[in-house]
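Work through the exercises below with the coordinates open. Each task is followed by a solution in steps.

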Amino acid sequence: MSAPLEHLPALAVVVPLMTAPVIVALRRPWAAWLLACGVSWASLFFSVLLLLQVLESGPFSYLMGGWAAPWGIEYRVDQLDAFVLAIVSAIASVVSVYSRKSVEAEIDSERHYLFYAMFVLCLCGLLGMAITGDAFNLFVFLEISSLSTYVLVGMGRDRRALTASLRYLILGTVGATFYVIGIGLAYMMTGTLNMADLAQRLPAMAHTSTVRAALAFLVVGIGLKMAAFPLHAWLPNAYTHAPSAAAALLAGTATKVSVYVFLRIVLGVFGATGLLTALPITQVLMVLALAAMFVCSAVAIWQPDLKRALAYSSVAQIGYILLGIAFLSETGLAAGIVHLFNHAVMKSALFLALGAVALRVGSTRIDAIRGIGRKMPLTMAAVLVAGLSLIGVPLTVGFVSKWYLVEAALTGGMWPVAVLILASSLLAVAYVWRIVEAAWMAPPGPELAHIREAPTAMVLSTWVLAGASVWFGLDATQTMGVARLAAQTLLQGVAP
Amino acid sequence: MTPSTLMLLALLLPLLAVGPILLAGRYPNLREAVSLGAGALLIAVVLGLRSQLADGVVPVLNFGEMLPGLTLRLELEPLGMLFALVAAGLWPVTILYAIGYMRGHHEKNQTRFYAFFAIAIAAAMGIALSGNMLTLFVFYEVLTICTFPLVTHAGTPEAKRAGRTYLGILIGTSIGLQLLAIIATWALAGTLDFAPGGILAGKVSGPLVGVLFALYVFGIGKAALMPFHRWLPAAMVAPTPVSALLHAVAVVKAGVFTVLKVTLYIFGIDLLAENAAADWLVWAAGFTIVAASVVALSKDNLKARLAYSTISQLSYVLLGAAILAPLSVMGAAIHIAAHALGKITLFFAAGAVMVASHKTEISQMAGIGRKMPWTMGAFAIGALSMIGLPPTAGFVSKWYVLSGALQSQQMVAVAVVTLSTLLNAAYFLPIIHSAFFGRAGDDHDHHHDHGEAPLPSVLALCVTAAGTIVLFVLPDQVLALAGALLGRNP
């Protein structure tokens with residue numbers, strides 16, 4: 001490999017990190033946007049290169065500053081990391097193109113540069129979390145992404161965004177603190193922060209209550225960050241009141257990376273201790289996941305604000321991912337991992353489309369969008385496609401996830417769970433079809449008379465993601481192949 | 001042209017027509033010409049496939065993997081051929097009918113109507129030609145979704161409610177039950193390809209076979225087995241051409257066709273017989289046949305009565321499959337064609353009456369046969385076919401189903417068929433009698449003295465009525481396909 005490519009793992013994080021201060025220094029809105037776009041696409045480029053490299057030659061390590069692990073910080077890239085990197089940077093790239101018009105409409109122009117600086121910082125934090133092999137370094141990136149996210153949410157159009165942001169700040173800080181307590185306890189017992197090292201040393205002390213307490217803190221802390229039911233209280237408000245572009249970015253990436261952290265820490269680091277099977281963690285996870293799927297899908301049906309309905313749907317969809325993880329089987333894990341991608345694509349597409357509606361109509365309430373299908377046909381068609389994917393109709397990515405989840409449940413001998421998975425997807429029919437009926441099956445009211453289709457850049461970005469949710473549903477061999485490899489690698493470290 | 005190209009063409013032709021239909025939206029004559037032309041071409045393509053199949057060629061077309069290890073593929077076999085012939089053959093006839101109906105009825109959004117109609121036909125072709133259960137399921141769901149705008153065409157609150165029932169039951173059963181059965185099949189058998197003799201033989205046994213079979217049969221909501229039949233009467237709010245082609249032919253036949261496919265190619269008759277896994281279906285289908293007929297008796301709205309008659313007739317196919325005797329399975333396959341021709345005629349006639357006289361209730365139709373002799377004549381032929389009397393197609397299929405039932409000593413089935421014949425006669429013959437011999441009541445709105453419906457509509461319903469008789473006189477083609485299904489010569 002040539003010299004510059006050798007440093008790809010570092011570049012993926014350092015480039016966005018260094019760009020943020022530049023954006024603040026430049027201050028001009030268009031320059032800030034251009035830089036944010038450039039950085040997002042550059043990280044997509046790096047991520048794809050990394051993914052190809054991992055698929056070709058297997059997992060590899062990168063030592064920050066040449067300091068050998070476990071003393072220095074190790075960046076370790078395996079299939080799962082590279083897959084998550086690709087998801088995050090792809091969503092960020094699409095959202096960055098989209099954000100210009102949306103940000104212009106929703107945020108004062110003197111604060112645009114702050115939005116883009118935070119956007120880039122958030123991206124940096126998310127990518128860093130996905131790539132690092134050091135548990136404390138992960139905490140640093142977690143805080144970078146969290147702090148920038150609080151700011152992004154707080155930039156929303158009305159003052160409710162501030163309370164949403166504050167709530168997220170408090171709960172997010174509790175989560176991060178729990179994480180750091182857990183890591184601290186593990187460090188106390190092992191004297192190392194390197195994940196691979198931790199995974200090696202922890203099994204010998206698995207019987208101590210310190211290690212068990214560490215695991216408990218970590219599960220709850222990460223559970224808060226990924227909005228696992230019933231720790232999701234911060235999410236609906238944050239997604240509803242954040243600026244549209246920020247909501248689309250967060251919906252596709254933030255919770256996904258937290259799920260990745262869960263996989264990496266709970267399965268990767270604590271997998272070999274045998275605690276996952278000794279303690280009823282998977283059983284609890286399964287019950288909570290099923291509860292999320294039913295309760296939050298049902299709540300989504302009754303929300304008057306569509307962004308809020310989609311936010312609750314996100315919590316339900318996180319439930320699907322956690323359910324896949326809770327099976328602790330290759331198929332189940334692969335289903336969960338592939339749903340990281342699948343859900344990111346379709347949910348971001350939906351939030352982008354709603355952002356376009358918010359731009360033109362000024363509201364995303366269901367009674368404000370009656371008949372909008374005639375006025376914004378392209379945007380609402382994207383909602384239809386991504387919505388069908390959310391239901392899990394064949395030829396969309398949602399179907400792929402559902403298929404493997406059910407297969408994992410059936411091969412695991414848990415047919416009632418399989419029935420519940422399919423039954424819960426029927427709730428998605430209700431909350432998706434409500435939108436479709438409102439948008440397409442009512443004549444547009446007089447207040448919509450002057451509504452035009454959204455700007456081209458917004459429609460295009462929305463359709464890139466909506467199209468991806470069909471493309472990867474038509475041929476899921478690529479995504480499923482990567483997910484299966486990632487699941488295999490993860491399961492190697494899990495004690496039976 | 002190679003056989004697989006022909007098959008691709010059968011799938012694509014209706015889809016390719018969608019673009020021109022939308023473009024020609026402002027010129028109704030051109031727009032309908034596109035539909036008719038595509039329909040004629042489609043018939044030619046399907047007939048081409050028929051001759052290939054007769055020569056012993058089995059066209060196969062792989063689209064590539066959708067999920068690892070699971071491909072989307074088309075493969076032609078006799079049952080699919082039969083369904084494709086029925087659906088493709090009746091499409092242009094229905095377009096012809098729709099020209100008269102939609103314009104006579106001053107329906108709005110006709111371009112959208114013809115466009116979705118073409119997509120629905122493409123989906124039906126996909127179902128007919130599917131080479132494995134995954135492909136079939138994909139097209140099955142596509143058919144559900146693309147017929148939704150047709151069902152809710154009127155856009156009224158009533159149509160919206162009906163649309164919810166339609167989508168709720170069809171999507172609910174297919175995702176909740178059928179998909180579960182498909183994934184379980186995949187987990188058990190490791191394949192979803194249709195294979196003569198079934199793919200589950202030797203993989204499962206005991207009560208699980210019955211459970212899985214029930215998941216399939218109830219999961220295929222389009223077959224309208226009670227209690228999942230409510231969507232069909234609800235779908236009657238659609239314009240009559242939709243009720244005629246989709247809810248008497250393409251959609252419902254896709255349902256019973258899928259059940260037959262599953263019976264023959266997923267389970268195999270032997271596996272079902274060994275485990276007594278289809279016995280319950282004899283009762284369930286029998287119940288549906290009788291119960292739906294009784295409900296039909298009580299309906300005064302003609303389309304509603306026809307809808308319940310359809311529910312009843314669909315279960316004949318299920319009954320034929322459940323008896324598991326080769327003859328009754330043949331009867332079930334023939335009934336797909338026979339009922340299609342008869343019921344589309346009846347719906348055409350009902351719609352023609354609606355356009356010409358604005359009458360929807362049977363009690364208003366006394367004496368209408370004298371004003372609309374062609375329409376009601378065709379209606380009579382269709383009704384005879386429903387009852388199963390010669391010289392109509394319904395007689396042929398009923399004969400085979402009954403022979404199979406007698407041969408395998410299924411006296412329940414024999415009793416059900418006999419009873420339902422009486423019930424069918426009870427709810428069809430009075431309509432015909434009063435139409436021709438009844439005295440027109442004083443329905444004070446003689447705002448216009450109507451004659452026949454528009455010519456294209458009358459033409460279409462005469463064609464299908466003639467088809468019902470032709471199928472009785474010359475059943476060779478259908479018999480050959482149904483026989484080939486079981487690997488025997490007629």
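Helices and strands here are DSSP runs, numbered from the N terminus, a helix being H or I over at least four residues and a strand E over at least two. With that numbering, P391(B) belongs to the loop between α15 (373-387) and α16 (393-407) of chain B. The model is predicted.

**Exercise 1. Cis peptide bonds**

Task: Find what omega is at the bond between P390(B) and P391(B), and where P230(A) is placed in chain A.

Solution:
- Step 1. Start from the background: most peptide bonds are trans.
- Step 2. The bond joining P390(B) and P391(B) is cis, with omega about 5 degrees.
- Step 3. In chain A, the bond from F229(A) to P230(A) is cis too, and its omega is near 0 degrees.
- Step 4. P230(A) sits in the loop that runs between α9 (209-225) and α10 (235-241) of chain A.

**Exercise 2. Positive phi outside glycine**

Task: Decide whether L324(B) is buried or exposed, and do the same for R27(A).

Solution:
- Step 1. Most residues other than glycine have a negative phi.
- Step 2. L324(B), which is not a glycine, has a positive phi of about 65 degrees. Its loop lies between α12 (302-323) and α13 (326-357) of chain B.
- Step 3. A residue is buried if 20 or more other C-beta atoms lie within 10 Å of its own. L324(B) has 23 C-beta neighbours inside 10 Å, so L324(B) counts as buried.
- Step 4. R27(A) also has a positive phi, near 70 degrees, and lies in the loop between α2 (8-26) and α3 (29-57) of chain A.
- Step 5. R27(A) has 13 C-beta neighbours inside 10 Å and therefore counts as partly exposed.

**Exercise 3. A hairpin and a helix end**

Task: State in which sense β1(B) and β2(B) pair, and which residue follows α7(A).

Solution:
- Step 1. β1(B) pairs with β2 (residues 70-75) of chain B in the antiparallel sense, over 6 bridges.
- Step 2. One bridge links G64(B) to its partner L72(B) in β2(B).
- Step 3. The hairpin has 2 residues between the strands, and G69(B) takes a positive phi near 85 degrees.
- Step 4. In chain A, α7 (residues 160-190) has 31 residues and reaches 45 Å from its first C-alpha to its last, close to the 45 Å expected at 1.5 Å a residue.
- Step 5. G191(A) follows α7(A), with a positive phi near 75 degrees.

**Exercise 4. The side of chain B that touches chain A**

Task: Determine which element of chain B gives the largest share of this side.

Solution:
- Step 1. Contacts connect 23 residues of chain B with 26 residues of chain A.
- Step 2. The elements of chain B giving two or more residues are β1 (60-67), α5 (133-151) and α6 (157-189).
- Step 3. The largest share, 12 residues, comes from α6(B).
- Step 4. Sorted by class, this side of chain B has 15 nonpolar, 5 polar and 3 charged residues.

**Exercise 5. Chain B as a whole**

Task: Explain why chain B is described as being as compact as a globular protein of its length.

Solution:
- Step 1. Chain B contains 19 helices and 2 strands.
- Step 2. The globule rule gives 23 Å for 490 residues, and the radius of gyration of chain B is close to that at 21 Å, so chain B is as compact as a globular protein of that length.
- Step 3. Along the principal axes, the C-alpha atoms of chain B fill a box of roughly 70 × 55 × 45 Å.
- Step 4. Of the 490 residues in chain B, 60% are buried.

Methods:
Residues are numbered from 1 along each chain as its sequence is written. Chains are lettered from A and ligands numbered from 1 in the order in which they are written. This is a predicted model: local features need pLDDT of at least 70, side-chain atom pairs count only at pLDDT 80 or more; totals for chains, interfaces and linings use all residues. Two residues are in contact if their C-beta atoms, placed from the backbone, lie within 7 Å. Ala, Val, Leu, Ile, Met, Phe, Trp, Tyr, Cys and Pro count as nonpolar, Asp, Glu, Lys and Arg as charged, and the others, Gly among them, as polar. Two strands pair if DSSP finds at least two bridges between them. The radius of gyration is taken over C-alpha atoms; the globule rule is 2.2 Å times the number of residues to the power 0.38. A residue is buried if 20 or more other C-beta atoms lie within 10 Å of its own, exposed if 12 or fewer, and partly exposed in between; C-beta atoms are placed from the backbone. The expected span of a helix is 1.5 Å times one less than its number of residues.
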